[in-house]
Amino acid sequence: MKKLVRVAILVCVSMLLFSLVSGCGANKTPQDANADQEGKLKIGIVQIVEHPSLNTIRESFVNELAEKGYQDGDNIIIDYQNAQGDQTNLKTICQKFVNNQYDLIVAIATPSAQAAVGETKDIPVLFSACTDPLEAGLVRNMEKPGGNVTGTSDAVSAEKIMELAQRITPNIKTIGALYNSSETNSISVINNLKEYAKNNGLTVVEATVTNSSEVQQAATSLTSKVDTIFSPIDNTIASAMPVVSQVANKAKIPVYVGADSMVKDGGLATYGINYPVLGQETAHMAVEILKGKNPGDMAVKTMTDIDIYINTATAQAIGITIPDDILKEAAQTFGN
Ligand code: TRP
């Protein structure tokens, strides 16, 4: 008899557990969602990888949101998840945000945004720092994206960066393009580089990677063939910048890059955007969406202010002198 009671209890507990687990799934009603949020709006932030530049965007976004009256833990709940560079994690994170019926998904960098857009056509998706949202298939129109998606872009011009390169290290004839061929954000900048090279009678040699463990080999393969290495705003190369810079410094080759953080991590120079400002702009768009604006009606925001960033320690390591006028013009110098 005692045994029967125990079995009955076990069955009841299992049923209760099962109903709890399935209650957290996709079939939750909006009332349920509001009940666990105590009326707070829920924002899911998904970031592809742990990287200073992406962290800067996120921190600046969260701070500006608080400035505008949306304080985490107060009237909103921010659930921040990092995919640690793993595509499968990205999908799982975004699915969780959608199943929990969050009010807004903020996706930092292109791979995160692509994952978020793949999971929902209803919940607003606000992407941040996506170099080429059109090429990445995030929006069909920059002015009027339509649907549930909009965001900010950190597009830079390879041409402008190469013009700066020619001022710092003149007589570049051959450019080594180092990037991850599966990152659409990189491909569009590389296409711009190729166009620049064609118009100026220069040669581009490509070395592509599929993950950060291949970067050292790819960078090394370029050093004997090129006058300079160019890396766009590539999530994979950015996370391996110290390795790139080590290889390039040894070969005394200047590395021009797409973002300030890549200069900080050893690249020689860039003409890049201001990421804290981009984070703030993303927050302003988030506020509009939280107030009920339709993302599809909001134009993608591109940054117009671009600045020079220089790494003087790298310059010293490869034995070049940065012209004074460029140093004066630079927004920031890293190194010594
Ligand atoms: N622009 C990148 C993308 O579209 C993301 C990004 C922003 C980034 N800042 C960066 C990547 C700095 C590397 C380094 O995915």
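Student: Let's start with helix α4. How many residues does α4 have, and how far does it reach from its first C-alpha to its last?

Tutor: Keep in mind that this is a predicted model. Helix α4 covers residues 87–99, so 13 residues, and it reaches 19 Å from first C-alpha to last. That is close to the 18 Å expected at 1.5 Å a residue.

Student: Which residues of α4 are buried, and how do I read their spacing?

Tutor: The general idea goes like this. An α-helix has 3.6 residues a turn, so residues three or four places apart point the same way. In α4, the buried ones are Leu90, Ile93, Cys94 and Phe97. Seen down the axis of α4, these buried residues fall within an arc of 95°, so they line one face of the helix.

Student: What do the buried residues of α4 pack against?

Tutor: Three strands and a helix: β1 (41–47), β2 (76–82), β3 (104–108) and α5 (110–119).

Student: Phe97 is on that list of buried residues. How do I read aromatic pairs?

Tutor: A pair of aromatic rings is described by the distance of the centres and the angle of the planes. This structure holds one such pair. The rings of Phe97 and Tyr102 have centres 5.1 Å apart and planes at 25°; planes under 30 degrees apart count as stacked, so this pair is stacked.

Student: Are the two partners, Phe97 and Tyr102, buried or exposed?

Tutor: Phe97 is buried, with a relative accessible area of 0%. Tyr102 counts as buried too, at 5% relative accessibility.

Student: What about rings with a charge over them? Which residue has its charged end over the ring of Tyr80?

Tutor: That's Arg58, whose charged end sits 3.8 Å from the centre of the Tyr80 ring. There's also Lys160, with its charged end over the ring of Tyr271, 4.9 Å from the centre.

Student: Where does Arg58 sit in the fold, and is Arg58 buried or exposed?

Tutor: Arg58 is in α3, and it is one of the buried residues there. The others are Ser53, Leu54, Asn55, Ile57, Ser60, Phe61, Glu64 and Leu65. Helix α3 itself (residues 52–67) has 16 residues and reaches 22 Å, close to the 22 Å expected at 1.5 Å a residue.

Student: On to backbone angles. What follows α3?

Tutor: Gly69 does, and its phi is positive, near 100°. When you read a positive phi, check the residue type. Gln101 has a positive phi of about 55° although it is not a glycine.

Student: Where is Gln101, then?

Tutor: Gln101 lies in the loop between α4 and β3. With a relative accessible area of 24%, Gln101 is partly exposed.

Student: Where does Lys252 lie, and what is its phi?

Tutor: Lys252 also isn't a glycine, and its phi is positive, at about 55°. You'll find Lys252 in the loop between α10 (241–250) and β9 (255–257), just after α10.

Student: Which residues of α10 are buried, and what do they pack against?

Tutor: The buried residues in α10 are Met241, Val244, Ser245, Val247, Ala248 and Asn249. They pack against β6 (174–180), α8 (215–223), α9 (235–239), β9, α11 (260–264) and α13 (312–317).

Student: Take Ala313 in α13. Is Ala313 buried, exposed or partly exposed?

Tutor: Partly exposed, with a relative accessible area of 32%. Ala313 and Gly267 are 46 residues apart in sequence, and 9.8 Å apart in space, C-alpha to C-alpha.

Student: How far apart are Thr152 and Leu278, in sequence and in space?

Tutor: In sequence, 126 residues; in space, 7.0 Å, C-alpha to C-alpha. Thr152 lies in strand β5 (residues 149–153) and is buried, with a relative accessible area of 0%. Leaving aside neighbours within four places in sequence, the contacts of Thr152 include Phe127, Cys130, Leu278, Met285 and Met303.

Student: And for the whole chain, how do I read contacts by sequence separation?

Tutor: Take the contacts with a separation of 6 or more: residues 24 or more positions apart account for 71% of them in the protein chain. The chain has 14 helices and 13 strands, and 51% of its 336 residues count as buried.

Student: What about the surface? Which atoms supply 51% of the area that the protein chain exposes?

Tutor: Carbon and sulfur atoms do, out of about 15600 Å² exposed.

Methods
Residues numbered from 1 in each chain as written. Predicted model: local features only at pLDDT ≥ 70, side-chain atom pairs only at ≥ 80, totals over all residues. Heavy atoms only, no water. Helix = DSSP H or I, 4+ residues; strand = E, 2+ residues; numbered from the N terminus. Buried < 20%, exposed > 50% of the residue type's maximum accessible area, 1.4 Å probe, protein only. Contact = heavy atoms within 4.5 Å. Areas by Shrake-Rupley, 256 points an atom, 1.4 Å probe, with all protein chains shown as cover. Phe/Tyr/Trp six-rings, centres within 6.5 Å; stacked < 30°, edge-to-face > 60°. Lys NZ or Arg CZ within 6 Å of the ring centre and 35° of its normal. Expected span 1.5 Å × (residues − 1). Arc of directions from axis to C-beta.
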